[in-house]
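Me: Please take a close look at a single residue in this predicted model, and then follow the story outwards from there. I'd enjoy one connected account rather than a list.

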Amino acid sequence: MISKTQLFIELWEEARTRFSNQLSNLKEDDLNKKLLPAPNSIGFLIRHIGDVELLFAKNVFGAQDIKVIAKTVIAQKDTGEWTNLEELLEYVQHSFLMIKTIIEKQEDKDWETTITTKEFGTKTKAEAFGRIVSHTTYHSGQMAIIKKYGS
């Protein structure tokens with residue numbers, strides 16, 4: 001029988017393909033694209049997804065060894081600095097590996113443990129996991145629309 005943790009990893013990897021599949025089709029020129037009046041560029045959204053994945057790995061799943069300066073969360077707006085495609089791709093590959101590694105360490109009973117954050121209050125780890133999955137897919141949809149219609 002497959003464990004809860006393995007099921008969550010499979011869910012995470014499949015849901016994240018909405019994001020990761022887009023990355024191979026991006027060009028550096030796409031990173032500055034926005035869909036006005038929305039303020040966020042594709043480059044900002046890529047960095048933001050990585051920032052939030054690392055924050056989840058650290059603050060929700062307990063990966064205390066992760067060092068993260070969540071610049072997009074701190075700035076709360078697109079500062080126009082997310083223009084290096086190679087750096088962004090490396091960053092989100094790192095964030096993916098960090099969150100996957102810490103999720104793999106969860107025992108089945110851990111998914112029922114409650115955690116409290118200022119962003120979304122008290123949730124079980126399973127409920128919180130739903131937040132990171134929906135966060136990544138939400139912004140992935142924004143990226144697809146911006147790439148298609150933005151300038």
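Reply: Leu88 is found in helix H4, which covers residues 85-104. (Helices are DSSP runs of H or I with at least four residues, strands are runs of E with at least two, and both are numbered from the N terminus.) At 4% relative accessibility, Leu88 is buried. (Buried means under 20% relative accessible area, exposed over 50% and partly exposed in between, with a 1.4 Å probe and protein chains only.)

Two things to keep in mind as you read. Residues are numbered from 1 along each chain as its sequence is written, and side-chain values use heavy atoms, without hydrogens or water. Because this is a predicted model, local features need pLDDT of at least 70 and side-chain atom pairs pLDDT 80 or more, while totals for chains, interfaces and linings use all residues.

Which residues does Leu88 touch, once its neighbours within four places in sequence are set aside? The partners are Leu31, Gly43, Ile46, Arg47 and Trp82, where contact means heavy atoms within 4.5 Å. Pro37, by comparison, is 51 residues from Leu88 along the chain, and 24 Å separates their C-alpha atoms.

Let's follow one of those contacts, Arg47, because it leads into helix H2. The side chain of Arg47 forms a salt bridge with that of Asp51, at 2.8 Å from N to O. (A salt bridge is a side-chain nitrogen of Lys or Arg within 4 Å of a carboxyl oxygen of Asp or Glu.) Arg47 and Asp51 are 4 residues apart in H2, so about one helical turn lies between them. Both partners, Arg47 and Asp51, are buried. So a residue that touches Leu88 is itself half of a buried charged pair.

Going back to helix H4, you will meet another pair. Lys100 and Glu104 are joined through their side chains by a salt bridge of 4.0 Å, N to O. They too are 4 residues apart, this time in H4, and therefore about one helical turn separates them. Lys100 has a relative accessible area of 22%, so it is partly exposed. Glu104 also counts as partly exposed, because its relative accessibility is 43%. Lys100 and Glu104 belong to a network of salt bridges that takes in Glu13 as well.

Beyond the end of H4, the side chains of Lys109 and Asp110 meet in a salt bridge of 3.9 Å, N to O. Are these two partners buried or exposed? Asp110 counts as buried because its relative accessible area is 16%, whereas Lys109 reaches 60% and so counts as exposed. For the whole structure, the search turns up 7 salt bridges, among them the pairs described here.

Helix H2 deserves a second visit, for Leu55. This residue is partly exposed, with a relative accessibility of 23%. Not counting residues up to four places away in sequence, Leu55 touches Val60, Val68, Ala70 and Val73. Between the C-alpha atoms of Leu55 and Ile69 there is a separation of 8.9 Å, and the two are 14 residues apart along the chain.

Ahead of H2, you can find Leu36 in the loop that runs between helix H1 (4-23) and H2. Leu36 counts as exposed because its relative accessibility is 69%. The C-alpha atoms of Leu36 and Tyr149 lie 9.8 Å apart in space, although 113 residues separate the pair in sequence.

To finish, here are the strands. S1 (residues 114-117) and S2 (residues 121-124) run antiparallel and are joined by 4 bridges. (Two strands pair if DSSP finds at least two bridges between them.) The connection from S1 to S2 is a hairpin of 3 residues. Across the pair, Thr122 in S2 stands opposite Thr116. In a regular strand the side chains alternate between the two faces of the sheet. The covered face of S1 holds Ile115 and Thr117, and the uncovered one Thr114 and Thr116.
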